[in-house]
Amino acid sequence: MALPALKSSDLILLGLYKRLVESIREHSFHCPKPPVMQSLLFQMHFIFSDEVVLLFDFWSVHSPAGVALSVLVVLLLAVLYEGIKVGKARLLHQALTSLSISTSQQLIEDTDQNSSSSDSPQVSRTRLRWFLCHFGQSLLHVAQVVIGYFMMLAVMSYNTWIFFGVVLGSGVGYYLAYPLLSMT
C-alpha cells in the first residue's frame with residue numbers, strides 16, 4: 001500500500017509539531033519536577049494515598065501520620081467554618097433584637113416628649129451598636145469565605161482522606177454549633 005503524497009502545508013505542520021515536541025522534551029529535561037508532583041500532576045480522580053500537597057508547597061505530606069494530622073487540621077477547619085456560620089446568625093439575631101427594642105423605645109420617648117430631635121444620645125448609641133454589629137458580621141463573613149475556600153482547595157487535592165475529613169468536620173461542626181442558635 002502506497003502512502004499518499006504530503007502537501008507542503010502538511011510538511012510545515014509536521015515540522016512545527018516536531019519542534020514543539022523537542023522543545024517540551026528539552027524543557028522537561030532542564031526543569032525536572034519533584035517526585036511528588038510528578039505522581040500528583042493532573043490527577044482528576046479521588047485516590048487513597050499517604051502523599052498529598054495541601055494548599056501550600058510547605059504542606060507536603062509523605063507519611064500516614066502526616067495524612068492523619070492533615071485530616072485532623074482540615075476537620076477542625078470545617079468545624080470552625082460551621083461555628084462561624086452560627087456566630088454570624090447569632091450576631092445578626094442579637095443586632096436585630098437590640099435595634100428593634102431600642103428603636104421602639106426611642107419612638108415611645110419621642111412621642112412622650114414631642115421632640116423631633118434625631119441626634120439624641122439614644123439614637124447615636126443605636127447607630128454605634130448597629131455599626132459595630134455590622135462590622136463584626138463583615139469580619140466573620142471574610143473569615144468564613146477564606147476558610148471555605150481553603151476547604152474547597154483541600155478537597156481539590158483529590159485525596160479521599162482529606163475529603164472525608166472535610167465531610168466529617170462539617171457534620172461534627174453542624175452537630176455542635178447549631179443547637180447554640182436556639183439558646184438566644
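**Serine 70**

I started at serine 70 and asked whether the residue is buried or exposed. Serine 70 is buried, at 4% relative accessibility; buried means under 20% relative accessible area, exposed over 50%, and partly exposed in between, with a 1.4 Å probe and protein chains only. The residue sits in helix 3. Helices here are DSSP runs of H or I with at least four residues, strands are E runs of at least two, and both are numbered from the N terminus. I then listed the contacts, meaning heavy atoms within 4.5 Å. Leaving aside neighbours within four places in sequence, serine 70 touches Leu54, Trp59, Val61 and Ile162.

**Ground rules**

I am working on a predicted model, in which local features need pLDDT of at least 70 and side-chain atom pairs count only at pLDDT 80 or more, while totals for chains, interfaces and linings use all residues. Residues are numbered from 1 along each chain as its sequence is written, and side-chain values use heavy atoms, with hydrogens and water left out.

**Overall layout**

I read off 5 helices and 2 strands in the protein chain. Along the sequence the pattern is α-α-β-β-α-α-α. The chain has 184 residues, and buried ones make up 24% of them. I looked at sequence separation next. Among contacts in the chain with a separation of 6 or more, 70% join residues 24 or more positions apart. The chain exposes about 13300 Å², an area from the Shrake-Rupley method with a 1.4 Å probe. Carbon and sulfur atoms supply 70% of that exposed area.

**The nonpolar core**

Which residues touch the most other members of the largest nonpolar core? I define such a core as a set of buried Ala, Val, Leu, Ile, Met, Phe, Trp, Tyr and Cys residues joined through side-chain atoms within 4.5 Å. The largest one has 13 residues, and Leu54, Trp59, Val61, Val74, Ala154, Ile162 and Val166 touch the most other members. Helix 3 (64–113), helix 4 (121–155) and helix 5 (160–177) each supply at least two residues of this core. Helix 3 gives the largest share, 4 residues.

I followed up on leucine 54. Beyond four places in sequence, leucine 54 is in contact with Trp59, Ser70, Ala154, Ser157 and Ile162. Ser70 thus appears here too.

**Glutamate 82 and its partners**

I counted salt bridges, each a side-chain nitrogen of Lys or Arg within 4 Å of a carboxyl oxygen of Asp or Glu. The count comes to 1. The pair is lysine 85 and glutamate 82, at 3.5 Å from N to O. The two residues are about one helical turn apart, because they are 3 residues apart in helix 3. Lysine 85 is partly exposed, at 27% relative accessibility. Glutamate 82 is buried, at 5%.

What else does glutamate 82 touch, not counting residues up to four places away in sequence? I found Ser170, Gly173, Tyr174, Ala177 and Tyr178. With serine 170 there is a side-chain polar contact of 3.3 Å. A polar contact is a pair of N or O atoms within 3.5 Å; within protein, one must be able to donate a hydrogen and the other to accept it, and residues adjacent in sequence count only if both atoms are side-chain atoms.

**Helix 5 and the loop before it**

I checked the length of helix 5. The expected span is 1.5 Å times one less than the number of residues. For the 18 residues of helix 5 that gives 26 Å, and the end C-alpha atoms are 25 Å apart, which agrees. Its buried residues are Thr160, Ile162, Gly165, Val166, Gly169, Gly173 and Ala177.

At the start of helix 5, a side-chain oxygen of asparagine 159 comes within 2.9 Å of the backbone nitrogen of tryptophan 161. I also noted tyrosine 158, in the loop between helix 4 and helix 5. The phi of tyrosine 158 is positive, near 60°, in a residue other than glycine.

**Two C-alpha pairs from helix 3**

Histidine 93 lies in helix 3 and is partly exposed, at 40%. I paired histidine 93 with leucine 181: 88 residues apart in sequence, 9.3 Å apart in space, C-alpha to C-alpha. Alanine 95 is in helix 3 and is buried, at 7%. Alanine 95 and leucine 132 are 37 residues apart in sequence and 9.3 Å apart between C-alpha atoms.
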